[in-house]
Amino acid sequence: MASSISAGNLRIPQSLSLPPPKPRSQFVVPPCCSSSSAAATSLVRSPLTAASIRSREFSRQSSVVRSSVVKRASASDISADISDALGDVRIFTACGQPVMFKDLWDQNEGMAAVALLRHFGCPCCWELASALKESKAKFDSAGVKLIAVGVGTPNKARILAERLPFPMDCLYADPECKSYDILGLYYGLGRTFFNPASAKVFSRFDALQKAVKNYTIEATPDDRSSVLQQGGMFVFKGKELLYARKDEGTGDHAPLDDILDVCCKVPVS
């Protein structure tokens, strides 16, 4: 989301910056975007992380999921072993305890709504987390476990949990973006700053302004290149994927009514 947006008491800080890129950097700003946003141009990676860029891009192109994660995913839309691949990913509780994805819900019949936030310092993610918190009672009554995962370390997750606030037992940290890579979620400068889908956030501006009342930039990952990660929403029953949606851009979240519709219509054993 562009850092120049402001209204009322809401101000998105212009401090998501990195040092100027070095000459041999492998990741450059396209000419058409080079003057569009100071925040965007400052998020250029250095040569020290060029290898990780190539590695993550390779992961996104792997045969595990590729770009087949779509709305209302079915067995024919996505690899049958996606739950197994995701289940072996280690993430962390907001308290810093390691946990495997497969241990977050009952892999036989349990239902889970899994929201992958962009990162803990994203104002749009605070808005999404706020909406999820307000809907938690509905998820609970439907027997669905609510899980929110964000990019960053557990201490960054705790900032969001304490200041929003958000239930810590539902919040997890994925510092290395492993679950994002396996699910093939979008990543990049264009998706983050220049995707038309990002404009959807303006229709929810009042909710955004309310959600960031206690916002702090300190929740942003120390590795500022992580802010180029996009999120998504997934619903599982056991290992079966019932719903999947990749966010096209910053603030392009899955409609919660759609998620609740899926959760409430599927019988819980």
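The following paragraphs describe the fold, the central sheet and selected salt bridges of a predicted protein model.

Because the model is predicted, local features were accepted only at pLDDT of at least 70 and side-chain atom pairs only at pLDDT 80 or more, whereas totals for chains, interfaces and linings use all residues. Residues are numbered from 1 along each chain as its sequence is written, and side-chain values rest on heavy atoms, with hydrogens and water left out.

The protein chain contains 9 helices and 9 strands; helices (H or I, at least four residues) and strands (E, at least two) are DSSP runs, numbered from the N terminus. Of its 269 residues, 54% are buried, where buried denotes under 20% relative accessible area, exposed over 50%, and partly exposed the range in between (1.4 Å probe, protein chains only). The accessible surface amounts to about 12200 Å², and carbon and sulfur atoms contribute 52% of it; areas were obtained by the Shrake-Rupley method with a 1.4 Å probe, and for residues only the protein chains shown count as cover. Among contacts (heavy atoms within 4.5 Å) with a separation of 6 or more, 74% involve residues 24 or more positions apart.

An open sheet is formed by 7 strands in the order S4-S3-S7-S6-S5-S8-S9, with mixed pairing; two strands are taken to pair if DSSP finds at least two bridges between them. Its edge strands, S4 and S9 (240-246), each pair on one side only. From one strand to the next the twist averages 30°; axes are lines fitted to C-alpha atoms, for helices over the stretch in contact, and angles run from 0 to 180 degrees between N-to-C directions.

At one edge, S3 (residues 90-93) and S4 (residues 98-100) run antiparallel and are joined by 3 bridges. These strands form a hairpin with 4 residues between them, and Gly-96 in the turn has a positive phi of about 100°. Phe-92 has Pro-98 as its bridge partner in S4 and Ala-173 as its partner in S7.

Strand S5 (111-116) has 6 of its 6 residues buried. Met-111, Ala-113 and Ala-115 point one way, while Ala-112, Val-114 and Leu-116 point the other. In a regular strand, side chains alternate between the two faces of the sheet. S5 pairs with S6 in the parallel sense over 6 bridges, and the connection from S5 through H4 to S6 is a right-handed β-α-β crossover, meaning that, with the strands pointing away from the viewer, the path from the first strand over the helix to the second runs clockwise. S5 also pairs with S8 in the antiparallel sense over 6 bridges. Helix H4 (residues 123-141) lies across S5, S6 and S8, at about 150° to S6.

In total, 11 salt bridges were counted, each defined as a side-chain nitrogen of Lys or Arg within 4 Å of a carboxyl oxygen of Asp or Glu. Glu-127 forms one with Arg-204, the closest N and O atoms being 2.6 Å apart. This pair links distant parts of the chain, with Glu-127 in helix H4 and Arg-204 in the loop between H7 (189-194) and H8 (205-211), 77 residues apart. Glu-127 is buried at 7% relative accessible area, whereas Arg-204 is partly exposed at 21%. A further salt bridge joins Arg-245 and Asp-247 (3.4 Å, N to O). Arg-245 is buried, with a relative accessible area of 6%, and Asp-247 is buried at 5%. Through shared partners, salt bridges connect Lys-200, Arg-245, Asp-247 and Asp-252 into one network.
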